[in-house]
Amino acid sequence: MSKTKTLTLVKDPERLSILLKEIPGEPGVYFMKDESDRILYIGKSKKLRSRVRSYFRDTPKHSPRIDMMVRQVAEIEFIVTDTEAEALALEANLVKQHQPYFNVLLKDDKKYPYLLITWSEDYPRIFITRNRRLGKEKDKYYGPYVDVGLLRNTLHIVKRIFPLRQRPQPLFKDRPCLNYDLGRCPGVCQQLISPAEYRKIVQKVTMVFQGRTQELIDILSANMEQQAEALNFEAAARIRDQINGLKSLTADQKVSLPKDTVSQDAIALAADNERACIQLFQIRAGRLVGRLGFIAESPQLSAENGVEAGAILQRVLEEHYQNAEAVEIPAEILVQHELPDGEMLSEFLTERRGRKVSIVAPQRQIKAELIEMVERNAGYELARMQKFSDRNHQATQDLADILDLPDLPRRIEGYDISHIQGSNAVGSQVVFIDGLPAKQHYRHYKIKNPTVTTGHSDDFASLAEVIQRRFRKYAEDPNLPRVGNPDWPDLVMIDGGKGQLSAVVAVLQEMNLLEDLRVVSLAKQREEIFLPGESLPLATDAEQPGVQLLRRLRDEAHRFAVSFHRQQRSDKLKRSRLDEIPGLGFQRQKQLLAHFRSIDYIRAATIEQLTGAPGIGPHLAQQIYDYFHPNG
């Protein structure tokens with residue numbers, strides 16, 4: 001392999017031609033790297049040379065995301081495998097290991113929720129999240145689920161059936177809460193159940209979200225009979241109640257395929273020129289147990305284009321089953337269109353499952369009707385997304401017209417400051433992408449300016465500090481890309497009037513970034529938009545779509561700043577009482593609060609309990625106790 005060059009391959013055609021000739025036409029995995037040797041993308045192909053060459057053709061039909069990636073590629077490496085299935089398995093492992101930025105076909109726009117089980121913890125939690133990047137390596141995600149209401153109801157029933165951890169943090173320090181007395185929690189907070197025994201309970205819950213509810217019912221039924229034969233009638237009654245609760249999960253199921261005991265997944269999509277909405281129905285023993293939804297980029301793809309649609313379905317299935325356990329893989333997968341590498345995927349899944357997995361594109365009878373139903377649901381979801389997207393597009397288009405922007409502002413950032421007379425001053429950065437909140441990009445800032453203190457606030461200086469810290473890396477490295485960089489905003493909005501805007505403009509001028517950034521401010525009273533260097537606001541209507549978009553951004557920035565300010569103020573109030581205790585410094589205060597959770601628990605603790613906290617010796621424990629009990 002050649003070493004990393006300064007130029008990208010699209011700017012060095014000679015080296016690109018030489019490199020493409022070195023790539024064999026065999027199955028394998030390829031790596032796209034940038035100038036810093038960072039892996040941008042990992043892919044697999046049954047013919048490496050043809051696949052890699054397709055990225056650099058003169059008239060590619062790639063999505064904007066892939067076009068952006070190709071412009072950054074400076075090196076290509078590869079690993080040859082014996083079979084296509086081996087290439088798929090190797091790709092799955094390498095993607096998990098390196099997590100390249102461009103290896104995401106399915107958009108993470110938080111539209112659909114996941115169920116997360118935190119297996120990385122001794123006592124795993126079970127909760128719903130829309131951010132798949134929250135967890136650790138051992139944590140397990142299920143989804144994404146289309147029907148969040150059904151998911152919440154299922155989780156509610158499961159937590160009622162099985163004794164599970166109900167709270168992320170204990171309510172009491174030295175005793176369990178009411179959930180333990182009601183039998184809804186096995187006393188996790190006080191470790192009244194061992195981690196091994198608790199994980200056995202969670203394993204049963206896992207079977208529900210794997211679509212194995214009937215299998216779990218069969219296991220529990222056998223266990224119930226054993227308990228009854230052993231005259232453990234109370235235990236048998238508890239298991240009976242669990243079985244009845246599990247049966248209620250599928251009692252109202254509307255989709256049923258009679259006389260079909262085969263486990264199946266059925267997948268179909270509906271697409272427009274921008275996106276494809278994919279639906280995957282999970283059918284076990286003739287009943288629909290799960291309905292998952294995915295969104296993929298789909299430029300110039302029509303529903304009739306079966307070749308392109310098949311490629312999208314294939315990639316969705318690959319990503320979905322790479323994250324699934326072997327027991328979750330069905331015996332049969334029904335697809336709307338023929339997959340380009342269906343045999344390879346079938347071989348890969350068969351090896352993982354340990355039994356034959358068939359991939360079929362049905363043309364008639366019950367299976368074809370099932371695919372039509374899945375496609376119809378995908379169409380309804382696409383229509384809903386189009387309606388919502390049209391509204392956001394109208395707002396961004398109106399905003400572009402108001403500000404005379406050359407292109408639609410895709411990424412808009414909003415900034416605000418929150419404090420009480422200068423105390424606990426904080427700043428917020430919120431991000432809207434395509435008119436929607438992108439909370440994974442939100443940021444908090446604690447104001448460090450020494451002149452901003454209690455009794456002396458300075459919103460202008462605070463905003464200047466936040467903007468300086470946000471864009472400092474671009475000022476320090478002028479070679480960092482702006483155009484096409486997902487981190488670079490198309491528009492920056494400051495909450496405030498001319499004064500706040502002037503403070504931000506001044507710091508951007510010092511950083512030599514003002515020419516590359518479009519900055520505006522939105523004043524609260526009359527919803528007026530100010531531009532740099534203009535004394536009068538723009539002539540706008542507060543109710544027009546573009547102004548409403550800025551208002552939503554401004555309100556979100558304000559909410560985010562206020563919530564962080566309240567958190568900082570609350571933490572300070574907690575520590576303020578501890579500050580009065582001699583010998584209890586800042587670090588030991590943090591340790592004490594982390595151990596006892598609240599001032600009330602510290603006040604109620606005995607000297608022995610205080611001594612058990614990290615960093616607290618017998619002498620200091622006595623001082624803390626005496627402070628809260630001055631009369632002995």
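## Close-up views of a predicted model

**Confidence along the chain.** This is a predicted model. The chain averages a pLDDT of 84. A score of at least 70 is reached by 91% of the residues. Residues 1–5 fall below 50. Beyond near neighbours in sequence, the stretch 1–5 has 15 contacts in the model.

**View 1. A three-stranded open sheet holds β1, β2 and β3.** The 3 strands are arranged in the order β2-β1-β3. Their pairing is antiparallel. Strands β2 (39–45) and β3 (75–80) stand at the edges. Each edge strand has a single partner, so one side of each is left without a neighbour in the sheet. From one strand to the next, the twist averages 20°. Strand β1 covers residues 28–33 and pairs with β2 over 6 bridges. Look for Met32, which stands opposite Tyr41 in β2.

**View 2. Asp34 sits in the loop between β1 and β2.** The loop that joins these two strands contains Asp34. Is Asp34 buried or exposed? Its relative accessible area is 8%, under the 20% cut-off, so Asp34 counts as buried. The side chain of Asp34 has backbone partners. One is the backbone nitrogen of Ser36, which lies 3.0 Å from a polar atom of that side chain. Another is the backbone nitrogen of Arg38, reached at 2.8 Å. Val360 belongs to another view. The C-alpha atoms of Asp34 and Val360 are separated by 39 Å. Along the chain, these two residues are 326 residues apart.

**View 3. Strands β7 and β8 form a hairpin.** Between the two strands lie 3 residues. Strand β7 runs over residues 264–271, and strand β8 over residues 275–284. They pair in the antiparallel sense, with 8 bridges. Which residue of β8 is the bridge partner of Ile267? That partner is Leu280. Ile267 also has a bridge partner in β10, namely Val335.

**View 4. Strand β7 is covered on both faces.** Of the 8 residues in β7, 8 are buried. One side carries Gln264, Ala266, Ala268 and Ala270. The other side carries Asp265, Ile267, Leu269 and Ala271. The residues on both sides are all buried.

**View 5. Strand β10 pairs with β7 and with β11.** Strand β10 spans residues 332–335. It runs parallel to β7, and 4 bridges join the two. Among the paired residues, Gln264 has Glu332 in β10 as its bridge partner. Strand β10 also runs parallel to strand β11 (residues 358–360), joined by 3 bridges. Here the bridge partner of Leu334 is Val360 in β11. The chain leaves β10, passes through helix α11 (residues 342–353) and arrives at β11. This β-α-β crossover is right-handed. Both faces of β10 are covered. Glu332 and Leu334 lie on one side, Ile333 and Val335 on the other, and all are buried.

**View 6. Glu556 is a buried residue of helix α16.** The helix spans residues 545–578. The relative accessible area of Glu556 is 13%, which is under 20%, so this residue counts as buried. What does Glu556 touch, leaving aside its neighbours within four places in sequence? Its contacts are Val430, Phe432, Lys439 and Tyr442.

How values were computed
Residues numbered from 1 in each chain as written. Predicted model: local features only at pLDDT ≥ 70, side-chain atom pairs only at ≥ 80, totals over all residues. Heavy atoms only, no water. Pairing = 2+ DSSP bridges. Axes fitted to C-alpha atoms, helices over the stretch in contact; angles between N-to-C directions. pLDDT = per-residue confidence, 0-100. Contact = heavy atoms within 4.5 Å. Buried < 20%, exposed > 50% of the residue type's maximum accessible area, 1.4 Å probe, protein only. Polar contact = N/O pair within 3.5 Å; in protein donor to acceptor, adjacent residues only side chain to side chain. Right-handed = clockwise from strand over helix to strand, strands pointing away.
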